[in-house]
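Here is a walk through one protein chain, from the whole down to single side chains. Keep the model open and follow along.

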Amino acid sequence: MSEPGNRLRKLLESPNFDPQSYVKQLSQQSDGDRDLQEHRQKIQNLADETAQNLKKNVYKNYRQFIETAKEISYLESEMYQLSHILTEQKSIMESITQALLSADKDETSKEMQAAFPKETEEIKQRTLTSLLEKVEGAKNIMDTPGRHLIYNGDLAEFDVDNMSPIQRVHAFLMNDCLLIATWLPNRRGAIKYKYNALYDLESFAVVNVKDNPPMKDMFKILMFPDSRIFQAENSKIKKEWLEILDETKKNKVSKDKHKQEEVVPTSPVRAEVSTNPFDMDDNEPVDAEENVNLNLEWIQELPEDLDVCIAQRDFEGAVDLLDKLNEYLKDQPVTPKVKDLRSKVEERVRQLTEVLVFELSPDRSLRGGPKATRRAVSQLIRLGQSTKACELFLKNRAAAVQTAIRQLRIEGATLLYIHKLCNIFFTSLLETAKEFEMDFAGNTGCYSAFVVWSGSAIKMFVNAFSKQVFDSKESLSTAAECVKVAKEHCQQLTEIGLDLTFTLQSLLVKDIKAALQSYKDIIIEATKHRNSEEMWRRMNLMTPEALAKLKDEMRSCGISSFDQYTGEDCWVNLSYTVVAFTKQMMSFLEEGLKLYFPELHMVLLESLREIILVAVQHVDYSLRCEQDPEKKSFIIQNATFLHDTVLPVVEFRFEESVGKPAKQLHDLRKSTRPVRINPESTTSLV
């Protein structure tokens with residue numbers, strides 16, 4: 001930028017720049033409209049240049065901006081979840097503290113209830129009846145004897161996910177349940193609310209929600225698998241709700257405990273004390289029932305503790321509580337009280353199982369690899385659900401592998417893509433196998449399921465492999481290299497005792513067979529085309545370099561005696577057709593051996609036989625039709641090269657690589673043995 005431009009930039013960037021003073025000074029110094037237009041153009045050019053520089057900087061860091069934004073969003077989500085968990089933990093601690101502090105208040109309330117029991121009960125019931133008359137659809141709530149109102153008030157309900165307001169509600173807390181009623185927009189007489197939900201006090205947990213302006217004075221009610229958030233009018237009312245809810249839940253637990261203690265089973269057999277041993281035997285089941293102590297505090301609070309653990313995703317804690325209960329009841333008789341407790345616990349076990357199943361579902365995030373599923377799998381196994389854990393684990397891994405293959409970009413050479421595909425698939429399969437062996441070490445019955453799953457995973461891999469290699473009509477050499485890469489990666493699984501090579505080969509046989517036959521047809525068509533233009537003349541390679549290159553190619557094909565067919569200068573005592581056929585057939589043989597499976601033995605042999613027959617039949621036909629003695633002698637020389645040099649090399653190379661005799665090639669060589677003949681004869685082969 002020029003010097004005036006730099007001065008203008010510095011002036012505009014100055015922190016003390018005053019636009020009004022600048023325009024006033026500029027208008028005084030300008031010599032007319034033209035100067036103002038020129039100055040305006042300078043400012044415009046400076047603005048355009050600044051915009052371009054800003055755009056370049058944005059483009060330069062565009063990818064970093066996107067990645068940073070993604071990471072910030074992910075971290076923000078993690079921090080929100082962490083804050084939510086900490087808030088719930090804090091609220092639980094506060095609830096415990098409040099419970100300890102409210103012990104005296106409980107005793108006072110009990111004394112008041114003992115002093116005025118009937119009056120208090122009647123007043124509360126009348127109050128509840130009058131209030132419920134205003135709720136549409138709540139007539140049957142008073143059918144439960146002893147139910148009375150504890151507390152009620154207006155609340156605002158918010159969406160749990162996005163914290164947006166949903167509706168106004170009125171909550172009625174009773175001694176054994178919580179009623180939620182919504183406001184009616186169009187009131188009809190005395191009815192002001194509409195019945196929404198009724199929750200038993202044992203079926204939910206109350207959690208304080210930390211204030212985060214403008215979201216404040218809120219508390220959450222957890223009912224698996226859902227939750228609801230309510231907002232009180234102010235912090236005082238919120239505190240009252242939390243305290244009264246907690247106190248009411250404890251009173252109900254205490255009342256149920258007293259009822260269980262008062263109900264003592266009696267037996268007429270125990271009316272008299274007898275020393276008869278037979279009478280003592282009759283009394284033993286009754287004594288056993290009395291000895292099952294279910295009044296321990298941790299047993300009384302077990303259902304609620306399980307609800308809290310499930311809501312807080314403390315799966316290990318929930319299973320530990322279940323194991324503790326099973327250990328306690330292991331040698332105890334099955335009494336009605338035990339049956340009732342187990343029915344409550346079984347409902348929580350079902351809820352816990354549903355949560356763990358959801359954790360392993362393919363709809364969940366697949367990030368983290370197979371180790372991310374270890375927590376849910378281990379807890380399902382502890383719950384005795386090893387078969388379900390195995391099924392869900394394998395479904396989760398199948399979805400992860402399929403997603404990884406689908407996200408693999410198809411770019412560049414096919415061989416490069418196959419390298420990436422094999423690396424992703426077989427590495428994932430190996431990691432899954434190791435994680436499976438670790439998680440299900442004590443469940444050997446699940447190993448057969450993993451073997452079956454591995455077979456289906458290989459099918460998914462072969463579909464993606466064949467679509468890219470065989471459906472796209474790649475050359476046989478490329479297909480052979482790709483199959484070789486897949487075989488090498490598949491061998492890695494043998495280190496954990498899993499050999500899927502046979503499965504991989506059986507799935508690839510059909511496509512490889514089609515590729516061999518297709519390439520065989522191409523060689524036959526090319527050979528026939530060259531045969532139609534055959535002039536039976538010696539090759540002249542023009543330069544020693546070209547001759548040396550041809551010798552190297554023949555030597556690499558296994559034809560070490562090719563030097564005897566070269567003449568002086570750059571001449572080769574063979575026709576171009578025979579040399580081209582030899583190179584093409586030897587290339588087909590090498591690529592076919594790379595693709596060789598035992599199931600392809602006859603396919604490869606028949607393909608080689610058909611290709612060789614095309615060349616042999618053409619030589620035989622040319623000998624029968626040719627009348628020129630010199631050309632006939634040259635044709636016999638080419639036939640001798642095919643029979644004595646090329647065919648033995650093909651037969652030896654095949655048997656060496658496969659380890660089996662090539663009977664078809666041996667019979668073909670015997671049936672096409674050339675002989676020295678009279679130039680005037682038309683017989684060429686015996």
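**Salt bridges, packing and buried residues**

Start with a side chain that carries a charge. Lys252 counts as buried, because its relative accessibility is 15% and the cut-off for buried is under 20%. Its partner is Glu202, and the two form a salt bridge with the closest N and O atoms 3.7 Å apart. The bridge links distant parts of the chain. Glu202 sits in the loop between strand 5 (191–200) and strand 6 (205–209). Lys252 belongs to helix 7 (residues 235–262), 50 residues away in sequence. Glu202 has a relative accessibility of 30%, so this residue counts as partly exposed.

Now step back to the whole chain. The model is a predicted one. The chain has 686 residues, and 38% of them count as buried. Its secondary structure comes to 23 helices and ten strands. The accessible surface is about 40300 Å², and carbon and sulfur atoms contribute 52% of that area. How much of the contact in the chain with a separation of 6 or more comes from residues 24 or more positions apart? The share is 65%.

Return to the charged pairs. Side chains of opposite charge can pair when their charged atoms come close. The count for this model is 25 salt bridges. A second example is a local one. Glu347 and Arg350 meet in a salt bridge at 2.3 Å, N to O. Both residues lie in helix 12 (residues 336–360). They are three residues apart, about one turn of the helix. Glu347 has 33% relative accessibility and therefore counts as partly exposed. Arg350, at 39%, is partly exposed too.

A third bridge joins Glu495 to Lys434, with the closest N and O atoms 4.0 Å apart. Where do the two partners lie? Glu495 is in the loop between helix 17 (476–491) and helix 18 (501–532), while Lys434 is in helix 15 (residues 414–439). The partners are 61 residues apart in sequence, so the bridge ties those parts of the chain together. Glu495 is exposed, with a relative accessible area of 56%. Lys434 is partly exposed at 42%. Salt bridges can also share partners, as Glu202, Lys252 and Asp256 show by joining into one network.

Stay with the loop that holds Glu495. Leu493 has its place there as well, between helix 17 and helix 18. Is Leu493 buried or exposed? Leu493 counts as buried, because its relative accessibility is 0%. Leaving out residues up to four places away in sequence, Leu493 touches Phe426, Leu429, Leu430, Leu498 and Leu500. Take Phe426 from that list. Leu493 and Phe426 are 67 residues apart in sequence, yet their C-alpha atoms are 7.8 Å apart in space.

Next, look at how helices pack. Two packed helices are described by the angle between their axes and the distance between the axes. Helix 16 (residues 447–469) packs against helix 18 at an angle of about 35°, and the axes are 10 Å apart. The crossing of the two helices is right-handed. Which residues meet there? Helix 16 brings Ile458, Lys459, Phe461, Val462, Phe465 and Ser466. Helix 18 answers with Thr503, Leu504, Leu507, Leu508 and Asp511. By class, the contact holds seven nonpolar residues, two polar and two charged.

Two more buried residues complete the tour. Leu356 lies in helix 12, the helix that also carries Glu347 and Arg350. Leu356 is buried, with a relative accessible area of 0%. Beyond the residues up to four places away in sequence, Leu356 touches Phe315, Ala376, Gln379, Leu380 and Leu383. The C-alpha atoms of Leu356 and Arg375 are separated by 9.0 Å, with their positions 19 residues apart along the chain.

Last comes His618, in helix 21 (residues 601–625). Its relative accessible area is 14%, so His618 counts as buried. With residues up to four places away in sequence set aside, His618 touches Asn531, Glu534 and Trp536.

Terms used:
Residues are numbered from 1 along each chain as its sequence is written. This is a predicted model: local features need pLDDT of at least 70, side-chain atom pairs count only at pLDDT 80 or more; totals for chains, interfaces and linings use all residues. Side-chain values use heavy atoms; hydrogens and water are left out. A salt bridge is a side-chain nitrogen of Lys or Arg within 4 Å of a carboxyl oxygen of Asp or Glu. Helices (H or I, at least four residues) and strands (E, at least two) are DSSP runs, numbered from the N terminus. Buried means under 20% relative accessible area, exposed over 50%, partly exposed in between (1.4 Å probe, protein chains only). Axes are lines fitted to C-alpha atoms, for helices over the stretch in contact, and angles run from 0 to 180 degrees between N-to-C directions. A crossing is left-handed if the near helix is turned anticlockwise from the far one by less than a right angle, and right-handed if clockwise. Contact means heavy atoms within 4.5 Å. Ala, Val, Leu, Ile, Met, Phe, Trp, Tyr, Cys and Pro count as nonpolar, Asp, Glu, Lys and Arg as charged, and the others, Gly among them, as polar. Accessible areas come from the Shrake-Rupley method with a 1.4 Å probe; for residues, only the protein chains shown count as cover.
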